[in-house]
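User: I am new to this structure and would be grateful for a close look at one part of it. Please concentrate on the contacts between side chains, taking the aromatic rings and then the disulfides.

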Amino acid sequence: MPVRSLRTTVSVATLTLAIGALLLTTPAYAGKPVGSDKGAETEQSGGADESGIHSTVRIQYSGSVAPNGGSGNVTASDVTWSPPPCWYAPYLGAKDFKKEMSAKIKDAASAPGMTGTPGAAIGQTKAHYEDGFGWEDHPGYEDYNVAKDGEGMFWAGVENPNEPDVLKRNSCTELPFWVDNGEAPPPRYERAITPEILAALAYQHMELPGTEVTLAPAETTKVNLPTWAWLNKTDFHEVQATASIDVPGFALSATTTAKPVSLKLEPGTPDAETYPASGECTFDDGSIGEPYAKGKADRTPPCGIKYLRSSGDGTFDLQATITWEIAWTGTGGAGGDLPDGTFENAQAVTVQEIQAVNR
């Protein structure tokens, strides 16, 4: 059946909303944890809700990732950057899609109130998948492309369940579309899943270590006494998180790597000095700062703090923020940089006055 223009009938948005009206009872997102802590893997899948049909593709996360599909603890240094709120990914093969979509269309057509424009939208959606009805750069399909079953998949939108903005999360509203095995989705689908999108999702789920800074003196320091601070190389090293997708005829993966590069010390009071003066200690040979040892009392620590007043009956909240350089590599040799990530720990420091002895 030749492709016809939709301009004289209804818009694609109306088609999507009309189909979505019958999908209120189906969950939009389901996460299935299959591990926890480091080395964990989590699966994320789509479904359908009032905004339309969503991909059932599973993105697997492994490495140092938050359990149960949750967001990790990395904060991007670039406040303008954020993970994708939604994307398009493989959904179902032709026969399975026909079974799923035809049932939804049948239910939608028989629902109360499906007359006028909504009714026309349902009818044209049916024609789009059964009779080759298309418009502009959206070609139609004959019998849900069943003749090509096994040679490709229908793709659909996926909501990022960790995106707080519901409008952004629901912004991948295109009707499901066909992609042949081994072929890239049409260029008009700019949010079709790519290694770069997977890398951003791995970034979002990455869990960085939260080791406290080692201090000397350890628990209680003195006014005007330099306090040494350091992080052992055995405590901090490169951290990796991987996101991957593997379905018949389509597989992608990306690994995001975080490398610690500096430690920023904020004493928790303006009445303090830091070493160096900027408060930023850089990594040297895989470690930050230098462990204190006997014989170093008269030396200035390469990384540390000197408090100028007592904390009284309380404590000062020392903020230790580690900056991580983040890069990614993915399928086909793709790769690049992502915004630096930061993660901070707060630890209480007690500062006492030096007690003089009078004789």
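Analyst:

**Aromatic pairs and disulfides**

With ring centres required to lie within 6.5 Å, the count in this predicted model comes to 18 aromatic pairs. One of them is formed by Trp81 and Tyr203, whose ring centres are 4.7 Å apart and whose planes meet at 45°, a tilted arrangement. Trp81 is located in the loop between strand E6 (75-76) and strand E7 (86-92), while Tyr203 belongs to helix H5 (residues 195-205); the pair therefore ties together parts that are 122 residues apart in sequence. The two partners may also be described by their accessibility. Trp81 has a relative accessible area of 22% and is therefore partly exposed, since the buried class ends at 20%. Tyr203, with a relative accessible area of 3%, is buried.

A further pair consists of Tyr307 and Phe316. Their ring centres are 5.3 Å apart and their planes stand at 10°, so this pair is stacked, as planes under 30 degrees apart are counted in that way. Tyr307 and Phe316 are both buried.

Ring pairs also build a cluster, which links Tyr91, Phe97, Tyr129, Tyr141, Tyr144, Phe154 and Trp178.

The covalent links come next. The structure holds two disulfides. In one, Cys86 is joined to Cys172, with a sulfur-to-sulfur distance of 2.1 Å. The torsion about this S-S bond is about 85°, so the disulfide of Cys86 and Cys172 is right-handed. Cys86 lies in strand E7, whereas Cys172 is found in the loop between helix H4 (166-169) and strand E9 (177-180); the bond therefore ties together parts that are 86 residues apart in sequence. Both Cys86 and Cys172 are buried.

The other disulfide is formed by Cys281 and Cys303, with their sulfur atoms 2.1 Å apart. The link of Cys281 and Cys303 is right-handed, with 90° about the S-S bond. It connects distant parts of the chain: Cys281 is in strand E16 (residues 280-284), and Cys303, 22 residues apart from it, is in the loop between strand E17 (287-289) and strand E18 (304-307). Cys281 is buried, as is Cys303.

When the bonded cysteines of the chain are numbered in sequence order, the pairing reads 1-2, 3-4.

Note on methods:
Residues numbered from 1 in each chain as written. Predicted model: local features only at pLDDT ≥ 70, side-chain atom pairs only at ≥ 80, totals over all residues. Heavy atoms only, no water. Phe/Tyr/Trp six-rings, centres within 6.5 Å; stacked < 30°, edge-to-face > 60°. Helix = DSSP H or I, 4+ residues; strand = E, 2+ residues; numbered from the N terminus. Buried < 20%, exposed > 50% of the residue type's maximum accessible area, 1.4 Å probe, protein only. Disulfide = S-S within 2.5 Å.
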